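Dear colleague,

Please find below the structure that I am handing over to you. A description of what was found in it follows.

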Amino acid sequence: MDSKRLIGLINDLLDLDKLDAGKMILSLASLNVAEAVEAAIASVEPTATQSEIRISLNDGRVSPVVADRGRIIQVLVNLLSNAIKFAPEKSEIKVTLKDSGQFVSVFVHDDGPGVGKEFQSTIFERFRQLPQKSKSGQEGSGLGLPIAKLIIELHGGKIGVDSEEGKGSTFWFQLPKA
């Protein structure tokens, strides 16, 4: 295991510990979700470019939310990184923003292998991974999605996945409007 990956794993475990203990402190402020998505895309763009994957943002002009910018970007980077890991080369990952009632919704869609129905209810549990490997063969820690779920719930939101095996996945989350 390389040192960068080991440091990431240690940070994930520390985040989980803070979340479990109720000690994760959020720096809440008004957040333009489109700007947070753009920052997350910029963060993962080099990895996407290596696989000739394009990431598009359909910014539907959404209301601001009150959130911790860094933590929301962390969630977005996790969802985008997972999409890149599983999306076919030369494909497109689509990020869509929508005002949905009292929430702002963010959808991250890829054309990868999808998540079988039997795994959709457990994919946000710790150390759970899908049986298929990423296209690089690299396995994750099984901590990214559980951390994302806890962060979104800490903000009063919801997170989930809509997917059909062989037809890609759409991971989504909702945050309450400001």
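How many residues lie between S6 and S7 in the hairpin that they form? There are five residues between these two strands, and Gly166 in the turn has a positive phi of about 85°. Helices (H or I, at least four residues) and strands (E, at least two) are DSSP runs numbered from the N terminus.

Before the details, a note on the basis of the values. The model is predicted, with local features requiring pLDDT of at least 70 and side-chain atom pairs counting only at pLDDT 80 or more, while totals for chains, interfaces and linings use all residues. Residues are numbered from 1 along each chain as its sequence is written, and side-chain values use heavy atoms, with hydrogens and water left out.

Overall composition

The protein contains five helices and seven strands, arranged from the N terminus as α-β-α-β-β-α-β-β-α-α-β-β. Of its 178 residues, 44% are buried, where buried means under 20% relative accessible area (1.4 Å probe, protein chains only). The accessible surface, from the Shrake-Rupley method with a 1.4 Å probe, comes to about 9,400 Å², and carbon and sulfur atoms contribute 51% of this. Among contacts (heavy atoms within 4.5 Å) with a separation of 6 or more, 72% are between residues 24 or more positions apart.

The sheet

Five strands form an open sheet of mixed pairing, in the order S2-S4-S5-S7-S6; two strands pair if DSSP finds at least two bridges between them. Strands S2 (54-59) and S6 (158-163) stand at the edges with a single partner strand each, so one side of each has no neighbour in the sheet. From one strand to the next, the twist averages 15°; axes are lines fitted to C-alpha atoms, for helices over the stretch in contact, and angles run from 0 to 180 degrees between N-to-C directions.

At one edge, S2 runs parallel to S4 (residues 92-100) and is joined to it by six bridges; Asp59 has Leu97 in S4 as its bridge partner. Helix H3 (residues 69-86) packs on the sheet, where it touches S2, S4, S5 (103-110) and S7 (169-176), and its direction makes about 170° with that of S7.

At the other edge, six bridges link S6 and S7, which run antiparallel. Lys158 is paired with Gln174 in S7 as its bridge partner.

Helix H5

The buried residues of H5 (residues 144-154) include Ile147, Ala148, Ile151 and Ile152. Gly156, just after H5, takes a positive phi of about 85°.

Yours sincerely

Methods. Buried means under 20% relative accessible area, exposed over 50%, partly exposed in between (1.4 Å probe, protein chains only).
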